[in-house]
Amino acid sequence: MDLENFTPWASLFGGVAIGTAAAMLVLLTGRIAGVSGIIGGLFKPVRGDIAWRVLFVAGLFAAPTVYQLLKPFPVPTIEATHAVIALAGLLVGVGTRYGAGCTSGHGVCGLARLSPRSLVATLSFMIAGFATVFAVRHLVH
Amino acid sequence: MREIVSFAAGLVFGLGLIVSGMADPSKVLGFLDLAGKWDPSLAFVMVGAIGVSLVAFRLAGKRAAPVLGGGFHLPAARQIDSRLVLGSIVFGVGWGLAGFCPGPALVAVGAVQMKAVAFVAAMVAGMLAFEWLERARRPGDE
């Protein structure tokens with residue numbers, strides 16, 4: 001186990017913030033905080049259903065800038081090459097639309113709604129994620 | 001007002017992703033690397049996020065309408081089919097390759113990380129491909 005990088009409290013606290021955002025959205029506006037669904041809806045636009053999606057995404061974009069007002073933004077380490085990044089992005093785009101959700105929609109909101117469908121989706125992408133990292137890090141390299 | 005709430009929710013969501021470590025692909029891959037130096041931190045993100053959401057969805061279930069009016073737009077689909085499983089597997093492979101899922105990738109775009117911009121461009125292309133394939137499959141449906 002990697003105890004050097006283990007951050008249980010920060011991760012738990014960040015998770016509580018994510019849950020709070022999902023709570024705000026559903027209790028106040030009746031919407032699910034599923035990021036792939038929020039973006040996907042922009043490509044099948046319905047009148048009166050666009051602004052909230054754009055503004056949610058704007059909030060995500062603004063997060064690093066706001067974070068920086070309090071603490072230096074931890075620059076992410078992106079190991080994958082550009083070719084792998086492009087392939088991965090494509091797979092994430094297609095997969096989340098066919099699977100009707102991602103880590104937030106199925107993994108957080110769906111599980112919190114006790115949806116069997118989201119449980120199956122979450123297990124599917126988690127297992128695929130574990131298997132992919134195993135293949136890349138321990139079989140290919 | 002709904003728009004302000006959406007922006008605030010996106011912001012709090014994004015801050016949560018940064019604080020939790022989810023916005024860093026190397027941390028995500030550390031969690032997915034069970035056979036390597038496994039970093040279990042992200043399981044704590046799930047616990048925190050699901051714990052709070054569980055209460056929120058219970059409260060939502062007791063209400064006739066959201067606080068700001070309108071209706072609840074909750075997913076109605078219940079079927080567990082090959083689309084759901086295969087789509088999720090394809091997503092999981094992409095997630096494992098780059099360490100990015102949609103939310104953290106958008107946050108990293110906000111921090112002007114060029115690889116995240118490339119990732120999101122490819123992700124949008126994938127989503128557009130889905131729309132196009134769906135329309136081709138069901139002509140006249142729209």
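Of the 142 residues of chain B, 55% count as buried. In chain A, 55% of the 141 residues are buried. The model is predicted. Chain B has six helices and zero strands, and chain A likewise comes to six helices and zero strands. Contact between the chains involves 107 residues of chain B and 102 residues of chain A.

**Chain B overall**

- Along the sequence, the elements of chain B read α-α-α-α-α-α.
- The C-alpha atoms of chain B occupy a box of roughly 45 × 40 × 30 Å along the principal axes.
- Take the contacts in chain B with a separation of 6 or more: residues 24 or more positions apart make up 38% of them.

**Chain A overall**

- From the N terminus, chain A runs α-α-α-α-α-α.
- The C-alpha trace of chain A spans about 50 × 40 × 30 Å along its principal axes.
- Among contacts in chain A between residues at least 6 apart in sequence, 40% link residues at least 24 apart.

**The interface**

- On the chain B side, 107 residues touch 102 residues of chain A.
- Helices α1 (2–20), α2 (25–32), α3 (41–62), α4 (82–98), α5 (102–110) and α6 (114–137) of chain B each supply at least two residues to the side that touches chain A.
- The largest share of that side, 18 residues, comes from α1(B).
- By class, the side of chain B that touches chain A has 71 nonpolar, 25 polar and 11 charged residues.

**Helix pair α1(A) and α3(B)**

- Two packed helices are described by the angle between their axes and the distance between the axes.
- For α1(A) and α3(B), the angle is about 25 degrees and the axes are 7 Å apart.
- Angles under 35 degrees count as roughly parallel, so α1(A) and α3(B) are roughly parallel to each other.
- The crossing of α1(A) and α3(B) is right-handed.
- The contact of α1(A) with α3(B) holds 21 nonpolar and nine polar residues, with no charged residues.

**The nonpolar core**

- The largest nonpolar core has 90 residues.
- Residues with the most contacts inside this core include Ile18(A), Ala21(A), Ala22(A) and Ala88(A) from chain A.
- From chain B, Ala9(B), Ala105(B) and Phe119(B) are also among the residues with the most contacts inside the core.
- Helix α1 (residues 8–29) of chain A gives the most to this core, with 11 residues.

**Ala88(A), a core residue**

- Ala88(A) sits in helix α4 of chain A.
- Ala88(A) has 27 C-beta neighbours inside 10 Å, so it counts as buried.
- Leaving aside neighbours within four places in sequence, Ala88(A) is in contact with Ala80(A) of chain A.
- With the same neighbours left aside, the chain B contacts of Ala88(A) are Gly94(B), Leu97(B), Ala98(B), Phe100(B) and Phe119(B).

**Helix α5(B)**

- Nine of the nine residues of α5(B) are buried, so α5(B) is largely enclosed by the rest of the structure.
- The buried residues are Pro102(B), Gly103(B), Pro104(B), Ala105(B), Leu106(B), Val107(B), Ala108(B), Val109(B) and Gly110(B).
- One of these, Ala105(B), is also among the residues with the most contacts inside the largest nonpolar core.
- In chain A, the buried residues of α5(B) pack against α2 (35–40), α3 (51–70) and α4 (82–98).
- In chain B, the buried residues of α5(B) pack against α1 and α6.
- Val112(B), just after α5(B), takes a positive phi of about 55 degrees.

**Positive phi in chain A**

- Most residues other than glycine have a negative phi.
- Ala100(A) is not a glycine, yet has a positive phi of about 60 degrees.
- Ala100(A) lies in the loop between α4 and α5 (105–112) of chain A.
- Ala100(A) has 22 C-beta neighbours inside 10 Å and therefore counts as buried.
- Leu114(A), not a glycine, has a positive phi of about 55 degrees.
- Leu114(A) is in the loop between α5 and α6 (116–140) of chain A.
- With 11 C-beta neighbours inside 10 Å, Leu114(A) counts as exposed.

Conventions
Residues numbered from 1 in each chain as written. Chains lettered and ligands numbered in written order. Predicted model: local features only at pLDDT ≥ 70, side-chain atom pairs only at ≥ 80, totals over all residues. Helix = DSSP H or I, 4+ residues; strand = E, 2+ residues; numbered from the N terminus. Buried ≥ 20, exposed ≤ 12 C-beta atoms within 10 Å, placed from the backbone. Contact = placed C-beta atoms within 7 Å. Core = buried A, V, L, I, M, F, W, Y, C linked by C-beta atoms within 7 Å. Nonpolar A, V, L, I, M, F, W, Y, C, P; charged D, E, K, R; others polar. Axes fitted to C-alpha atoms, helices over the stretch in contact; angles between N-to-C directions. Parallel < 35°, antiparallel > 145°, perpendicular 65-115°, else oblique. Left-handed = near helix turned anticlockwise from the far one by under 90°.
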